[in-house]
Amino acid sequence: MTPPVDRVLLDYAQDKIAVVDRDGTYQYLNRAAKSILGYDPDDLVGENAFEYMHPSDRDHVRARFEETIAVDDEFVDVTVEYRHRQREGGWVWLESRMSNLTDSELGGYVVSSRDISDRIAAERERDQTETRLRELAANTDDVLWMFSGDWSELLFLNPAYESVYGGSIDAVEADVDAFIDRVYPEDVPAVRRSMAALSRGESVDMEYRVNPAENYNRWVWVQAEPIVEDG
């Protein structure tokens with residue numbers, strides 16, 4: 001018997017397309033189940049999808065699924081992220097989209113899932129790197145700062161600023177000119193020229209005096225580099 005055209009098309013989809021009943025039991029899976037999870041589709045049909053989810057994610061996904069299919073008077077479309085067990089015993093991160101609409105021919109709720117493991121790994125690496133950098137910044141005597149390209153917004157300033165420049169981080173967050181207010185007046189024009197150079201994409205290496213509470217007797221050596229993103 002020739003399979004319906006729509007099922008043939010589903011088998012060519014890169015995402016895992018599944019149909020589950022109200023209990024979460026797999027009624028159908030396309031061929032992507034093999035490439036993403038390692039299981040042949042027939043291996044999972046009749047199995048409960050929630051039992052293949054990571055224990056830490058299972059209750060959350062089940063709750064979102066039950067909330068979604070319980071709505072009758074309006075269309076509900078939700079997306080959840082969770083870990084699904086692979087045939088070889090590992091875990092793959094999936095982003096699944098599900099709704100309260102049923103497929104009469106397939107006999108259940110259609111769930112479309114894509115592999116987001118690479119994205120999750122990249123996000124974790126970025127978060128770990130940022131955490132390490134912040135820990136380093138919090139424990140160095142050097143002042144580390146980052147402003148937006150037009151100097152309208154403070155993006156980062158570590159605690160060493162308060163002891164070196166004699167100002168508060170909160171003040172700079174509220175008004176970036178507070179950063180300039182800590183600079184010796186005669187040095188301000190040179191500092192502003194350097195700020196303009198950075199905005200043009202040029203590196204800066206200069207010295208100037210800061211901290212009015214110490215009569216501007218504190219000299220700082222500033223090395224700054226522009227960071228360019230998306231032009």
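Guide: Two strands are said to pair if DSSP finds at least two bridges between them, where strands (E, at least two residues) and helices (H or I, at least four) are DSSP runs numbered from the N terminus. The model is predicted, with local features requiring pLDDT of at least 70 and side-chain atom pairs pLDDT 80 or more, while totals for chains, interfaces and linings use all residues. Residues are numbered from 1 along each chain as its sequence is written, and side-chain values use heavy atoms, with hydrogens and water left out.

Visitor: What makes S8 and S9 a pair of strands, and in which sense do they run?

Guide: Strand S8 covers residues 204-210 and strand S9 covers residues 218-224, and between them there are seven bridges in the antiparallel sense. Because the definition asks for at least two bridges, the two strands count as paired. One of the bridges can be located by its residues, since Val204 has Ala224 as its partner in S9.

Visitor: Which residues of S8 belong to its covered face, and which to its uncovered one?

Guide: Val204, Met206, Tyr208 and Val210 make up the covered face, whereas Asp205, Glu207 and Arg209 make up the uncovered one. In a regular strand the side chains alternate between the two faces of the sheet.

Visitor: Why is the contact between Asp43 and Arg87 called a salt bridge?

Guide: The term is used for a side-chain nitrogen of Lys or Arg within 4 Å of a carboxyl oxygen of Asp or Glu. In the pair Asp43 and Arg87 the closest N and O atoms are 3.0 Å apart, so the criterion is met. Asp43 lies in helix H3 (residues 41-44) and Arg87 in the loop between strand S3 (77-85) and strand S4 (91-103), so this salt bridge ties together parts that are 44 residues apart in sequence. The structure holds 14 salt bridges.

Visitor: Why are Asp43 and Arg87 described as partly exposed?

Guide: With a 1.4 Å probe and protein chains only, buried means under 20% relative accessible area and exposed over 50%, with partly exposed in between. Asp43 has 33% and Arg87 has 46%, so both residues fall into the intermediate class.

Visitor: What makes the contact of Arg64 with Glu67 a salt bridge, and where do these residues lie?

Guide: The N to O distance is 3.0 Å, and the contact therefore meets the cut-off for a salt bridge. Both residues belong to helix H4 (residues 55-69), in which they are three residues apart, or about one turn of the helix. Arg64, at 27% relative accessibility, is partly exposed, and Glu67, at 45%, is likewise partly exposed.

Visitor: How do you know that Glu81 and Arg119 form a salt bridge, and which parts of the chain does the pair link?

Guide: Their side chains meet at 2.5 Å, N to O, which is again within the limit, so the name applies. The pair links distant parts of the chain, with Glu81 in strand S3 and Arg119 in helix H5 (residues 117-138), 38 residues apart. Salt bridges that share partners join Glu81, Glu95, Arg114, Arg119 and Glu123 into one network.

Visitor: Why is Thr25 classed as it is, buried or exposed?

Guide: Thr25 has a relative accessible area of 16%, and therefore counts as buried. Its place is in the loop between strand S1 (16-20) and strand S2 (26-29). Leaving aside residues up to four places away in sequence, Thr25 touches Val19, Val20, Gly46, Glu47 and Asn48, contact meaning heavy atoms within 4.5 Å.

Visitor: What is notable about phi at Asn215 and Tyr216?

Guide: Most residues other than glycine have a negative phi. Asn215 has a positive phi near 55 degrees, and Tyr216 has a positive phi of about 55 degrees. Asn215 is found in the loop between S8 and S9, as is Tyr216. Asn215, at 61% relative accessibility, counts as exposed, whereas Tyr216, at 18%, counts as buried.
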